[in-house]
Amino acid sequence: NYLEFVPLFARRGVADTAAYLAQNITGLTFFSRRQSGHRDFIAPLRAAEAALAGRTLDPPVTSFGVFNIRRIAGSQSLSLHAMGRAMDLNPRTNPHIRDARDFLVIQAVTGADLRRERSPARLRELSAQFQRDFSAAWASAQSAPDVARALADRATRQRLDRYAREGFCTLDLALIEALIAAGLGWGGSWSSSKDFMHFQLP
């Protein structure tokens, strides 16, 4: 319902939601994929794509999402996606990791606390290491009480199994670096959670 979001836009400093959307939301293209989003994305997306010209991305961009009028998951605050100022790339294999149990088990497997890591190259390495080393045999051998409790939680184990199958930070390193160099903020650099799919305008 459009009207229920008007007060949320006002809290973000937007007095006239309709005018904001009409003036700022436009068509965007990134690696031949089209979406609607904020006009301020045009320049950084063009710069990133130009920097990557002639390069084959591995993996390629298969999903590109920007404008979506919604709240931040689990809150009453307006998402930057609702303002067209955030985008998500390949979300299935670049999830938003929030749960402390996920971080705990990933650290037990890799020896690294993801929340302290900022380097895209290092985070991709840790994703690959988790895929290589996490297994049912590894899980069954764990005796530390906190790790065992996390592994016993069904929802947590399902997430971990998915990370092991598909990775959790798999965007091409050159793609991440080109988008950061173009001035976008990356959710993989956050410290309280890790949103590897997420890039946002300053």
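In the predicted model, Arg-116 and Asp-113 form a salt bridge whose closest N and O atoms lie 3.9 Å apart. The two partners differ in their surroundings: Arg-116 is exposed, at 69% relative accessibility, whereas Asp-113 is buried, with a relative accessible area of 15%. Salt bridges that share partners also join Asp-99, Arg-101, Asp-102, Asp-153 and Arg-159 into one network. The count of salt bridges comes to 14.

Within this network, Asp-99 pairs with Arg-159, the closest N and O atoms being 3.3 Å apart. The pair links distant parts of the chain, since Asp-99 is placed in the loop between β5 and α4 and Arg-159 in helix α8, 60 residues apart. Asp-99 counts as partly exposed, at 22% relative accessibility. A side-chain oxygen of Asp-99 also reaches to within 2.8 Å of the backbone nitrogen of Arg-101, at the start of α4. Asp-99 thus has a polar contact at the start of this helix as well as a salt bridge to Arg-159.

Helix α4 spans residues 100-110, and its buried residues are Asp-102, Phe-103, Val-105, Ile-106, Val-109 and Thr-110. In an α-helix there are 3.6 residues a turn, so residues three or four places apart point the same way. The buried residues of α4 pack against helices α5 (120-133), α6 (136-140), α7 (145-152) and α8 (154-166), and also against strands β5 (96-97) and β7 (194-195). Asp-102, one of the buried residues of α4, is also a member of the salt-bridge network described above.

Thr-110 lies in helix α4 and is buried, because its relative accessibility of 10% falls under the 20% limit. Beyond residues up to four places away in sequence, Thr-110 touches Leu-126, Gln-129 and Phe-130. A polar atom of the Thr-110 side chain lies 3.2 Å from the backbone nitrogen of Ala-112. Gly-111, which follows α4, has a positive phi, near 80°.

A second salt bridge between separate parts of the chain involves Arg-55 and Asp-172, with the closest N and O atoms 3.6 Å apart. Arg-55 lies in the loop between α3 and β3, and Asp-172 in the loop between α8 and α9 (173-181), so the pair ties together parts that are 117 residues apart in sequence. Arg-55 is partly exposed, with a relative accessible area of 45%, while Asp-172 is buried, at 4%.

Asp-172 has further contacts. At the start of α9, a side-chain oxygen of Asp-172 comes to within 2.8 Å of the backbone nitrogen of Ala-174. Asp-172 is also in contact with Asp-58, which touches Thr-170 as well when its neighbours within four places in sequence are left aside. Asp-58 is located in the loop between α3 (42-51) and β3 (64-65). Its relative accessible area of 59% is over 50%, and Asp-58 is therefore exposed. The C-alpha atom of Asp-58 is separated by 26 Å from that of Gly-111, 53 residues apart along the chain.

In helix α9, Ala-174, Leu-175, Ile-176, Ala-178 and Leu-179 are buried. The elements covering these residues include strands β1 (25-30), β4, β6 (185-186) and β8, together with helices α3 and α5. Gly-183 follows α9 and has a positive phi, near 105°.

The largest pocket was examined next. Rolling a probe the size of a water molecule over the atoms shows where empty space is left. The largest pocket holds about 310 Å³ of space. Its lining consists of 16 residues, and Ile-72, Ser-79, Trp-190, Asp-195 and His-198 lie nearest the centre. Strands β4 (86-89) and β8 (198-200) are the elements that give two or more residues to this lining. By residue class, the lining divides into 6 nonpolar, 5 polar and 5 charged residues. Strands β4 and β8 are also among the elements that cover the buried residues of α9.

How values were computed:
Residues are numbered from 1 along each chain as its sequence is written. This is a predicted model: local features need pLDDT of at least 70, side-chain atom pairs count only at pLDDT 80 or more; totals for chains, interfaces and linings use all residues. Side-chain values use heavy atoms; hydrogens and water are left out. Buried means under 20% relative accessible area, exposed over 50%, partly exposed in between (1.4 Å probe, protein chains only). Helices (H or I, at least four residues) and strands (E, at least two) are DSSP runs, numbered from the N terminus. Contact means heavy atoms within 4.5 Å. A polar contact is a pair of N or O atoms within 3.5 Å; within protein, one must be able to donate a hydrogen and the other to accept it, and residues adjacent in sequence count only if both atoms are side-chain atoms. On a 1 Å grid over the protein atoms alone, a cavity is a set of points where a 1.4 Å probe fits but cannot get out, and a pocket is an open set with protein on both sides within 12 Å along at least five of seven lines; lining residues have an atom within 4 Å of a point. Grid points are joined across faces, edges and corners, and a volume is the space filled by probe spheres set on the points. Ala, Val, Leu, Ile, Met, Phe, Trp, Tyr, Cys and Pro count as nonpolar, Asp, Glu, Lys and Arg as charged, and the others, Gly among them, as polar. A salt bridge is a side-chain nitrogen of Lys or Arg within 4 Å of a carboxyl oxygen of Asp or Glu.
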